[in-house]
Each structure stands twice: as structure tokens, then as C-alpha cells.
Amino acid sequence: MELISEMKKCKTVADCHEIATVDANDEYEAAAGWMVCIEEMFSKFKHVKILGNEVMLEGFDLKGLQVMAKCRNGRKLAFVSLESVEFPKLSTSEKLWLDSLKKWNKSF
């Protein structure tokens, strides 16, 4: 089954955590698993808002154990915590995954 299909079936934070960390042997592999899932779920977004300003979303990266949004505004590039990113019109599934990641991020 495709990863995105499995991800959309999640109903709880625990379900998301299970999928993101299924093969992880340590917290670094868990972080990588979260990043893969977030990339899969949020790759459709090309523009997001940060502090009310629209910027281009170029992807995601890890800073330590946290998944960060890679955003560009003209020549300026910034890695921003997902807690600070406003995504337009999130689906129920997308909201659940974002909330799940935020909860996981708080453990570090």
C-alpha cells in the first residue's frame, strides 16, 4: 500500500506516530521517518504564510530532531519550525498529521 494512503487512514496521534516511526531504531531514525511522512502529506503546498507573509515552501529538512519547513522569500531562505507555518485549507488528515508532529517535536 502507498504511504500516503496509509497516512490518510490515521485517526489518532498514536496512529500517526506508529506510521512515522515504524522502522526507527533510535530518535534520529524516528525524526527521519517523521520528515518523510510530512514531505508526503504536505508536498502539494507551494506557498505558505509565515507571520502573515506569503512565502514559497521549498520542502522540509531536519534541524537536530525537528522537522523544519524550508521557505523562501525572494533571495532569502529560512528554515522555520512547523509551529510557525500557516498552511492554507488543511484537510482533516493534514491537521492530524501536523498536530501529531507538533506533539512529537515538543518531546525534544
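This report describes helix packing, aromatic contacts and selected residues in a predicted model.

**Helix packing**

Two packed helices are described by the angle between their axes and the distance between the axes. Helix α2 covers residues 13–20, helix α3 covers residues 27–42, and helix α4 covers residues 92–105. The axes of α2 and α3 come within 8 Å of each other and cross at roughly 110°. This crossing makes α2 roughly perpendicular to α3, because angles of 65 to 115 degrees fall in that class. On the α2 side, the contact is made by C16, H17, I19 and A20; on the α3 side, it is made by A30, G33, W34 and C37. Classified by residue type, this contact of α2 with α3 contains 6 nonpolar and 2 polar residues, with no charged residues.

Helix α2 also packs against α4, with axes that come within 9 Å and cross at roughly 75°. The helices α2 and α4 are therefore roughly perpendicular to each other. Here V13, C16, H17, I19 and A20 of α2 meet L96, W97, S100, K103 and W104 of α4. The residues of this contact of α2 with α4 divide into 7 nonpolar, 2 polar and 1 charged. C16, H17, I19 and A20 of α2 thus appear in the contact with α3 and again in the contact with α4.

**Aromatic contacts**

The structure holds 5 aromatic pairs. In one of them, the rings of W34 and W97 have centres 5.7 Å apart and planes at 70°, so the pair is edge-to-face, the class for planes over 60 degrees apart. This pair links distant parts of the chain, since W34 lies in α3 and W97 in α4, 63 residues apart. Both partners are buried: W34 has a relative accessible area of 0%, and W97 has a relative accessible area of 0%. Together with W104, the residues W34 and W97 form one aromatic cluster. Members of this cluster also take part in the helix contacts, W34 in that of α2 with α3 and both W97 and W104 in that of α2 with α4.

A charge also sits over an aromatic ring in this model: the charged end of K63 is placed over the ring of F79, 4.8 Å from the ring centre.

**Buried residues in the helices**

Residue I38 lies in helix α3 and is buried, with a relative accessible area of 0%. Leaving aside neighbours within four places in sequence, I38 is in contact with S43, F60, V67, L82, W97 and L101. Among these contacts is W97, the ring partner of W34. The C-alpha atoms of I38 and M68 are separated by 9.8 Å, although the two residues are 30 residues apart along the chain.

Residue S93 lies in helix α4. S93 is likewise buried, with a relative accessible area of 13%, which is under the 20% cut-off for that class. Not counting residues up to four places away in sequence, S93 touches M7, K8 and M41. Its C-alpha atom is separated by 10 Å from that of I4, a residue 89 residues away along the chain.

**Loop residues with positive phi**

Two loop residues other than glycine have positive phi values. L51 has a phi of about 50° and is found in the loop between β1 (47–50) and β2 (53–63). K89 has a phi near 45°, and its place is in the loop between β5 (85–86) and α4. Both are exposed, L51 with a relative accessible area of 79% and K89 with one of 81%.

The accessibility of the residues discussed above is collected in the following table.

| Residue | Relative accessible area | Class |
|---|---|---|
| W34 | 0% | buried |
| W97 | 0% | buried |
| I38 | 0% | buried |
| S93 | 13% | buried |
| L51 | 79% | exposed |
| K89 | 81% | exposed |

Terms used:
Residues are numbered from 1 along each chain as its sequence is written. This is a predicted model: local features need pLDDT of at least 70, side-chain atom pairs count only at pLDDT 80 or more; totals for chains, interfaces and linings use all residues. Side-chain values use heavy atoms; hydrogens and water are left out. Rings of Phe, Tyr and Trp (its six-membered ring) pair if their centres lie within 6.5 Å; planes under 30 degrees apart count as stacked, over 60 as edge-to-face and the rest as tilted. Helices (H or I, at least four residues) and strands (E, at least two) are DSSP runs, numbered from the N terminus. Buried means under 20% relative accessible area, exposed over 50%, partly exposed in between (1.4 Å probe, protein chains only). A charge sits over a ring if NZ of Lys or CZ of Arg is within 6 Å of the ring centre and within 35 degrees of the ring normal. Axes are lines fitted to C-alpha atoms, for helices over the stretch in contact, and angles run from 0 to 180 degrees between N-to-C directions. Angles under 35 degrees count as roughly parallel, over 145 as roughly antiparallel, 65 to 115 as roughly perpendicular and the rest as oblique. Contact means heavy atoms within 4.5 Å. Ala, Val, Leu, Ile, Met, Phe, Trp, Tyr, Cys and Pro count as nonpolar, Asp, Glu, Lys and Arg as charged, and the others, Gly among them, as polar.
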